[in-house]
Amino acid sequence: MTSPVPTHAPDGDSAVRETLGVRRLPSTGLATGGLVDRFARPMRDLRISITDRCNFRCVYCMPKAVFGRDYAFLDRDELLSFEEITRIARVAAAHGVEKLRLTGGEPLLRRGIEGLIEQLAELRTPDGRPLEIALTTNGSALAMKAESLKQAGLTRVTVSLDSLDDELFEAMNDVRFPVARVLDGIEAAHAAGLGPVKVNMVVKRGLNDHEILPMARHFHGSPSTLRFIEYMDVGTSNGWQLDEVVSSAEIVERIGAELPLEPLGATAPGETAARWRYTDGGGEIGVISSVTNAFCGTCNRARISTEGKLFTCLFATEGHDLRALLRGGVDDDGLAAAMASIWRDRDDRYSEVRATLTPELRAERAKVEMSYIGG
Ligand code: SAM
Ligand code: SF4
Ligand code: SF4
């Protein structure tokens, strides 16, 4: 169902419009916190990719064949500076964003990330609350950095871990990084007060689906919450095929056969993971059904790419260049108006229409890579 598109003030800033290629005039200058898109979805969650580089070459995300020695990563001055990121986040908070997630690439590779977190920790919602500041990481540098991240103001951390089997994990990250060091990172995060840590496992049939149960057993009764993510067709370099997806339903069934589970309600509107609880009191798991049970209807996530483009969907083919605005000297009112205009125009719901696309049509869409836009 489409909600009525709000009317717009006739006095838009044409430079903003031209730079962004947006069709309509920016509306009221400063944000009100009540911004919604064409389907009445608010903007609540902002994911910010702070580097396109990574020390892993996960086969489903940055395969070496594409991201090899010659791959042209962005230059330093192409990345948003910490000040630029903070300005965008401040305006996003005024528009209703309550949660920031730093991602990448591998966000812990960005030098001085603690300084960025300190700046973001100063931001407030329109009613004066601090924003939640989360981080998604491969965990490789977490043992070293957990304490300083917490001191800087990080609130939560999500660690990606796709297997407990060293041989398989090392083959999946393709840089021979051992499981134990990621587990050390998770422990350090708990010790630093960044818990409960969420642990994300992407499941690809025939690659690591036999690790579903060992992972469930390992984290059962632990302070971490394990979440299973359906393998998605993000980007164009992973050669995704539908039959490689293990559905959330199958994951829950496989685990439940050994460790009985019961469903739990969502804790927050727009939550991506469906939650299940072990009936023996061993905690809970989450399943993220990005493919088999799309949650576009409540999707409240905006994304900022490494070079400052605003994307309104993980599967978008192009973003809106906020960096050009910032470096062109736009003031906060202009930035707020531009972001409002983009969000009001948003009608993305890729996961809901994916099933209607032929493989050829899917391949034709030049989607951006996960390492660039952030997970
Ligand atoms: N490097 C960090 C990490 O791995 O946690 C942050 C960036 S990574 C792109 C964010 C998340 O996206 C990770 O949990 C990763 O497993 C997930 N991801 C990457 N490619 C994916 C795909 N094709 N399908 C589902 N999840 C994917
Ligand atoms: Fe790097 Fe994360 Fe992608 Fe793996 S999933 S290659 S760790 S960005
Ligand atoms: Fe949101 Fe796009 Fe994913 Fe749908 S496909 S849930 S709109 S990011």
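The exercises below, each with a worked solution, concern a predicted model.

**Exercise 1. Find the order of the strands in the sheet, and name the strands that lie at its edges.**

Solution. Begin with the whole sheet, which is open and is formed by 12 strands in the order S7-S8-S9-S6-S5-S4-S3-S2-S1-S10-S11-S12, with mixed pairing. Next look for strands that pair on one side only, and these edge strands are S7 (261-264) and S12 (320-321). At the S12 edge, two bridges join S12 to strand S11 (residues 309-311), and the two strands run antiparallel. Within this pairing, Lys 309 has Asp 321 of S12 as its bridge partner.

**Exercise 2. Work out how strand S9 is paired, and state how many of its residues are buried.**

Solution. Take first the partner S6, which pairs with S9 in the parallel sense over four bridges; here Leu 226 has Ile 285 in S9 as its bridge partner. Then take S8, which four bridges join to S9 in an antiparallel arrangement, with Glu 284 in S9 as the bridge partner of Arg 277. S8 and S9 form a hairpin with five residues between them, and Gly 281 in the turn has a positive phi of about 85°. Finally consider burial: four of the five residues of S9 are buried, so this strand is largely enclosed by the rest of the structure.

**Exercise 3. Identify the residues with the most contacts inside the largest nonpolar core, and describe the surroundings of one of them.**

Solution. The largest nonpolar core has 107 residues, and those with the most contacts inside it are Phe 228 and Ile 255. In soluble globular proteins, nonpolar side chains tend to be buried together. If residues up to four places away in sequence are not counted, Phe 228 touches several residues, including Met 201, Val 203, Ile 251, Ile 255, Ile 285 and Val 287.

**Exercise 4. Decide whether Arg 110 and Asp 243 are buried or exposed, and locate each one.**

Solution. Arg 110 lies in the loop between strand S2 (99-103) and helix H3 (113-121). Its relative accessible area is 9%, and because buried means under 20%, Arg 110 is buried. Leaving aside neighbours within four places in sequence, Arg 110 is in contact with Ile 50, Leu 79, Leu 80, Ser 81, Phe 82 and Ile 85. Asp 243, by contrast, lies in the loop between S6 and H8. The relative accessibility of Asp 243 is 55%, and because exposed means over 50%, Asp 243 counts as exposed. Asp 243 and Lys 204 are 39 residues apart in sequence, while their C-alpha atoms are 9.2 Å apart in space.

**Exercise 5. Describe the shells around ligand 2 and ligand 3 by listing their residues and sorting them by class.**

Solution. For ligand 2, the surrounding residues are Cys 54, Phe 56, Cys 58, Cys 61, Met 62, Gly 105 and Asn 138. Sorted by class, the shell around ligand 2 has five nonpolar, two polar and no charged residues. For ligand 3, the surrounding residues include Cys 296, Cys 299, Arg 301, Arg 303, Cys 313, Arg 346 and Asp 348. The elements that give two or more residues to the ligand 3 shell are strand S10 (301-304) and helix H11 (350-353). By class, the shell around ligand 3 has seven nonpolar, one polar and four charged residues.

Key
Residues are numbered from 1 along each chain as its sequence is written. Chains are lettered from A and ligands numbered from 1 in the order in which they are written. This is a predicted model: local features need pLDDT of at least 70, side-chain atom pairs count only at pLDDT 80 or more; totals for chains, interfaces and linings use all residues. Side-chain values use heavy atoms; hydrogens and water are left out. A residue is near a molecule or strand if one of its heavy atoms lies within 4 Å of it. Ala, Val, Leu, Ile, Met, Phe, Trp, Tyr, Cys and Pro count as nonpolar, Asp, Glu, Lys and Arg as charged, and the others, Gly among them, as polar. Two strands pair if DSSP finds at least two bridges between them. Buried means under 20% relative accessible area, exposed over 50%, partly exposed in between (1.4 Å probe, protein chains only). A nonpolar core is a set of buried Ala, Val, Leu, Ile, Met, Phe, Trp, Tyr and Cys residues joined through side-chain atoms within 4.5 Å. Contact means heavy atoms within 4.5 Å.
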